[in-house]
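Trainee: Hi! Could you walk me through this one while I have it open?
Mentor: Sure, let's pull it up and start from a single residue.

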Amino acid sequence: MSDAAVIICDNLVKIYKQADLEVIALQGLDLVVDSGEFVAIMGASGSGKSTLLGVLGGLVSPTAGAVSVGGYDLLQLSVRDRTRYRRSEVGFVWQQTAQNLVPYLSARENVELPMRFAGRSRRERRLAALGLLDQVGLSGRSTHRPAQLSGGEQQRVAIATALANGPKVVFADEPTGELDTDTAAEVVDVLRTVNREDGVTIVVVTHDSELAGGTDRTVLIRDGRTSTEVLRRMSNDGTGESVVAEEFAVLDRAGRLQLPTEYVDALDLQQRVRLTLDPDRINVWPDRPNGKAEDPDVWARPAESEGADDD
Ligand code: ADP
Ligand code: MG
């Protein structure tokens, strides 16, 4: 998996300091995203989603931990490399439609702007911008200014702009947050198309479970850490293709695991649990009588419980 990893966050910490106040926005976050993946990040407000995207985009410097994107070690970037990184390796789409585009430039000029910064020729810029607008379904809108476009169209121009210099990864922070459901679906379709056709890795922060449902994987962030993940894959049972979603807990590099709250509550687990190892699984038992592991002997014979075929 990590051969193809384009994003690696290892024990990432971000503490914001304001006067004598410290806010821990990320507290040891681990995340690996493979090249070509389309990943949704979900989580309550204040859980650290935007901070994570800011760090990944080279806009926010982490307090501790390691983070690399597309082979760039974001903690070691020189000023020059940081500029190049932001301009060409990654693209951004923000929630506020107005924040993504320059109001007095046409759609085409907006898409060309990052290419100008990258020093590409006028002819090349024009051709590339028109190609990108076509890809997001807006070839007929190239001369329109943002105010003459709908919210969904503006976000599609923003996606084209994010793609201007051929980034490996596009980050989108609640790109459909200000759109109605139908328009949001169009924007998601465009992201999906870009992901599939160009192989661009996409990480999108969203509150919209429908948007998240269309991605390969949803990573849930809780209190500045990744907690659970839902993986989706196509399955064919003979009667046709369908999407199968499976929920996983995240295992960090140190082997730490966070149990889902429902499970912890269901067995009223507190402080410590007993673990036993079977050939194909690890069992987690409450640390109290009536739990299956009340017989301390179980520690001595972890591999010979009822057997591996009882489910
Ligand atoms: P989310 O995007 O999931 O809502 P954020 O990453 O924006 O979460 O914020 C995580 C925490 O960090 C919150 O408590 C927020 O108030 C705090 N925070 C975010 N940005 C700053 C900042 N620039 N200065 C101080 N605190 C911040
Ligand atoms: Mg946010």
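Trainee: Okay, A212 then. Is A212 buried or exposed?
Mentor: This is a predicted model, to begin with. In it, A212 has a relative accessible area of 1%. Buried means under 20%, so A212 counts as buried.

Trainee: Which helix is A212 in?
Mentor: A212 belongs to helix α8, which covers residues 209–213.

Trainee: And what is A212 in contact with, leaving aside its neighbours within four places in sequence?
Mentor: Those partners are A40, M42, T206, T218 and R232. You can also look at V39: its C-alpha atom is 7.9 Å from that of A212, although the two residues are 173 apart along the chain.

Trainee: Nice. Switching to the sheet, what is the order of its strands?
Mentor: The order is β2-β1-β4-β5, in an open sheet of four strands with antiparallel pairing. The edge strands, each pairing on one side only, are β2 (21–34) and β5 (72–73).

Trainee: How many bridges join β1 to β4?
Mentor: Five, between β1 (residues 5–18) and β4 (residues 64–69), and these strands run antiparallel. If you want a spot to click on, C9 stands opposite V67 in β4.

Trainee: Which helix lies across β1, β2 and β4?
Mentor: That's α1, residues 49–56, and α1 runs at about 115 degrees to β1.

Trainee: How many residues of α1 are buried?
Mentor: Seven of its eight, so to speak a mostly covered helix. The buried ones are K49, T51, L52, L53, G54, V55 and L56.

Trainee: What about just after α1, which residue takes a positive phi?
Mentor: G58 does, with a phi of about 75 degrees.

Trainee: Last topic, helix packing. At what angle do α4 and α6 pack?
Mentor: Helix α4 (residues 107–117) and helix α6 (residues 151–162) pack at about 30 degrees, with axes 8 Å apart. Angles under 35 degrees count as roughly parallel, which is why α4 is described that way relative to α6. The crossing of α4 and α6 is right-handed.

Trainee: Which residues make that contact?
Mentor: From α4 you have A107, N110, V111 and P114, and from α6 there are V157, A160 and T161.

Trainee: And how do the residues of the contact divide into nonpolar, polar and charged?
Mentor: Five are nonpolar and two are polar, with no charged residue in the contact of α4 with α6.

How values were computed
Residues are numbered from 1 along each chain as its sequence is written. Chains are lettered from A and ligands numbered from 1 in the order in which they are written. This is a predicted model: local features need pLDDT of at least 70, side-chain atom pairs count only at pLDDT 80 or more; totals for chains, interfaces and linings use all residues. Side-chain values use heavy atoms; hydrogens and water are left out. Two strands pair if DSSP finds at least two bridges between them. Helices (H or I, at least four residues) and strands (E, at least two) are DSSP runs, numbered from the N terminus. Contact means heavy atoms within 4.5 Å. Axes are lines fitted to C-alpha atoms, for helices over the stretch in contact, and angles run from 0 to 180 degrees between N-to-C directions. Angles under 35 degrees count as roughly parallel, over 145 as roughly antiparallel, 65 to 115 as roughly perpendicular and the rest as oblique. A crossing is left-handed if the near helix is turned anticlockwise from the far one by less than a right angle, and right-handed if clockwise. Ala, Val, Leu, Ile, Met, Phe, Trp, Tyr, Cys and Pro count as nonpolar, Asp, Glu, Lys and Arg as charged, and the others, Gly among them, as polar. Buried means under 20% relative accessible area, exposed over 50%, partly exposed in between (1.4 Å probe, protein chains only).
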